[in-house]
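Trainee: I am new to this structure and would like a close look at one part of it, taken slowly. Could you begin with a helix end and then work through the part that interests me, with each term explained as it comes up?

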Amino acid sequence: MGKEGARQLTQEMQDYQTMANQMRPKKPLLKNAVTAFFVGGIICEVGQGVQWFFMQHGMTAKEATSPTTVVMIGVGALLTGLGWYDRVVKRGGMGGSLPITGFSNAMVAPAMEYRPEGLILGVGAKLFTVAGPVLTYGLAAAFVVGLVRYLITGVA
Amino acid sequence: MGVHRRSAASYTFDHVGIRSAAAVVGPKEGHGPLASYFDRIWTSELNNHVSSEVAERALLTEAQSLALDKVGENWAHVDWVVGGDLLDQLIATDFAAREHQRPLIGMFAACAVFAESLGLGALAIEGGGPKMVLAGACSHHLSAERQFRYPIELGYQRTPTAGWTSTAAGACLLSYLDAMNSGDVAIEAATFGRVVDWGSKNPNDMSTAMAPAAFDTIKQHLDDLGRDITYYDQVYTGDLGVLGVKLVDALAQKEKEGFNWSERLNDCGRSLYDIDKQDVHNGGSGPGCSASVFSGFLYRQLQTQQFQRILLVSTGALFSPTSYQQGESIPCIAHAVAIVRHN
């Protein structure tokens with residue numbers, strides 16, 4: 001941001017920030033990483049199970065991808081609606097946020113949240129408050145990658 | 001007679017009594033260690049109200065009405081209602097005032113607003129203005145989450161330094177007393193803080209941002225009144241939490257050899273919950289935190305002579321989502337009121 005808002009910190013303030021950094025409780029990084037691995041892993045195993053189910057019923061692995069995604073989004077939405085998914089992410093961190101169930105959570109949570117402000121200015125306007133940046137930059141990245149692929153391979 | 005000016009920041013009073021105090025809290029606070037001191041504990045966060053904003057307003061109204069009921073007063077005798085909350089445009093305090101129809105002094109000092117209200121109310125009463133002032137503050141976990149953080153059902157991990165905005169309200173009925181009698185609880189002094197910003201930028205660590213403000217106001221108060229910290233049985237900061245109390249203590253030790261504040265320092269946010277069991281990380285926060293801990297717990301400790309003198313130092317972080325998204329550091333403020341029991 002602009003320099004205008006930036007304030008010069010005195011030595012005393014800098015010393016204080018150093019002291020606070022030392023006293024601040026640390027995030028349990030290793031524990032978080034391990035739980036994220038297992039929570040994310042369990043969600044992916046469930047997704048794999050769903051895909052197998054569709055494959056048992058005559059779909060190819062590729063055909064089964066779309067209905068599996070739909071089911072997992074549904075599961076994420078249901079667990080969010082029941083008020084359980086936030087607990088999954090609280091324990092699992094990125095292990096819960098990253099799979100598509102987490103994306104579903106990021107869409108359904110604002111939809112529930114802004115209902116009192118109405119369907120237009122509430123749900124309609126604020127549905128993408130959490131997922132919006134992911135979509136914006138995901139789409140931007142897709143355009144760039146698509147362009148690069150076209151320039152290299154000639155396939156649109 | 002009249003207000004004694006000790007400095008631009010500090011004033012002392014002889015005639016401002018706290019006639020009653022009431023606190024109403026949410027279910028999580030009702031499972032905390034101070035549960036038995038609260039006047040009413042809601043069984044759910046919304047308590048059948050249509051939104052968290054309406055619930056917050058109701059929480060405040062209940063605390064205010066209870067404070068009046070306890071001493072058989074009614075709204076018509078209240079000269080001023082003073083107080084604030086965390087929501088934009090003070091929609092809890094202001095909308096509650098739409099019902100009670102008393103003159104309203106709505107204030108914003110984030111979580112420092114309760115001590116500010118007591119201080120301003122005392123100043124006005126001692127100055128010969130209003131005879132009776134109802135001072136209060138409130139916060140609601142869900143409405144604060146929606147305004148400052150994320151939708152309630154969105155999953156994310158809180159950092160160990162994050163505070164838990166309390167669902168709580170507290171109100172105190174202040175009135176002019178010609179003479180203090182044994183057992184009267186009175187506001188004896190107030191020190192209004194200045195804005196202190198030592199460059200903290202992390203909205204998930206209010207302790208580090210607010211501790212210098214708390215230290216500044218406590219030191220100002222003690223210097224202005226020529227007191228040592230041991231003058232008070234306890235100094236309760238508002239919502240510095242586990243980390244913040246340690247930081248204030250460290251600042252005191254750094255300031256002067258022999259400054260040992262650790263035995264006297266305590267914190268409303270740290271007291272409101274069982275830190276180990278209730279998963280609140282650094283402790284409680286929000287305007288309702290110091291309001292309910294004082295109006296529920298501390299006021300009764302004074303009445304029953306567990307404490308003789310306390311200093312309540314409510315602490316507030318004066319930032320908004322816009323200011324930190326624009327990269328600004330977090331300015332903070334602390335206001336102190338000295339509350340004593342007369343023998």
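**From a helix end to a domain**

Mentor: Helix α8 of chain A is followed by A:Gly154, whose phi is positive, near 80 degrees; helices (H or I, at least four residues) and strands (E, at least two) are DSSP runs, numbered from the N terminus. This is a predicted model, in which local features need pLDDT of at least 70 and side-chain atom pairs count only at pLDDT 80 or more, whereas totals for chains, interfaces and linings use all residues. Residues are numbered from 1 along each chain as its sequence is written, and chains are lettered from A and ligands numbered from 1 in the order in which they are written.

The 22 residues of α8(A), 132–153, should span 32 Å at 1.5 Å a residue, and the end C-alpha atoms are 31 Å apart, which agrees; the expected span is 1.5 Å times one less than the number of residues. The number of buried residues in α8(A) is 0, so this helix lies largely in the open, where buried means 20 or more other C-beta atoms within 10 Å of a residue's own, exposed means 12 or fewer, and partly exposed lies in between, with C-beta atoms placed from the backbone.

The part to look at closely is in chain B, which is divided into domain 1 (16–176) and domain 2 (187–341), with bounds that come from an automatic or database domain assignment. The C-alpha centres of these two domains of chain B lie 18 Å apart, and 52 residues of domain 1 are in contact with 51 residues of domain 2, contact meaning that C-beta atoms, placed from the backbone, lie within 7 Å. On the domain 1 side, helix α4(B) gives the largest share, 8 residues, and by class that side has 33 nonpolar, 13 polar and 6 charged residues; Ala, Val, Leu, Ile, Met, Phe, Trp, Tyr, Cys and Pro count as nonpolar, Asp, Glu, Lys and Arg as charged, and the others, Gly among them, as polar.

Within α4(B), residues 113–126, is B:Ser117, which counts as buried because 33 other C-beta atoms lie within 10 Å. Leaving aside residues up to four places away in sequence, B:Ser117 touches several others, among them B:Val82, B:Met107 and B:Ala135. B:Gly84 is 33 residues from B:Ser117 along the chain, yet their C-alpha atoms are separated by 8.0 Å.

Elsewhere in chain B, the axes of helix α2 (residues 52–70) and helix α3 (residues 91–100) come within 9 Å and cross at roughly 60 degrees, the axes being lines fitted to C-alpha atoms over the stretch in contact, with angles from 0 to 180 degrees between N-to-C directions. Where the two helices meet, α2(B) offers residues including B:Glu53 and B:Leu60, and α3(B) offers residues including B:Ile91 and B:Phe95. The residues of this contact divide into 5 nonpolar, 2 polar and 4 charged.

Two loops of chain B complete the picture. Most residues other than glycine have a negative phi. B:Asn48, in the loop between β4 (40–41) and α2 of chain B, has a positive phi of about 70 degrees although it is not a glycine, and B:Asn48 is exposed, with 10 other C-beta atoms within 10 Å. B:Leu90, in the loop between β5 (80–84) and α3 of chain B, has a positive phi near 45 degrees, and B:Leu90 counts as partly exposed, with 19 C-beta neighbours inside 10 Å.
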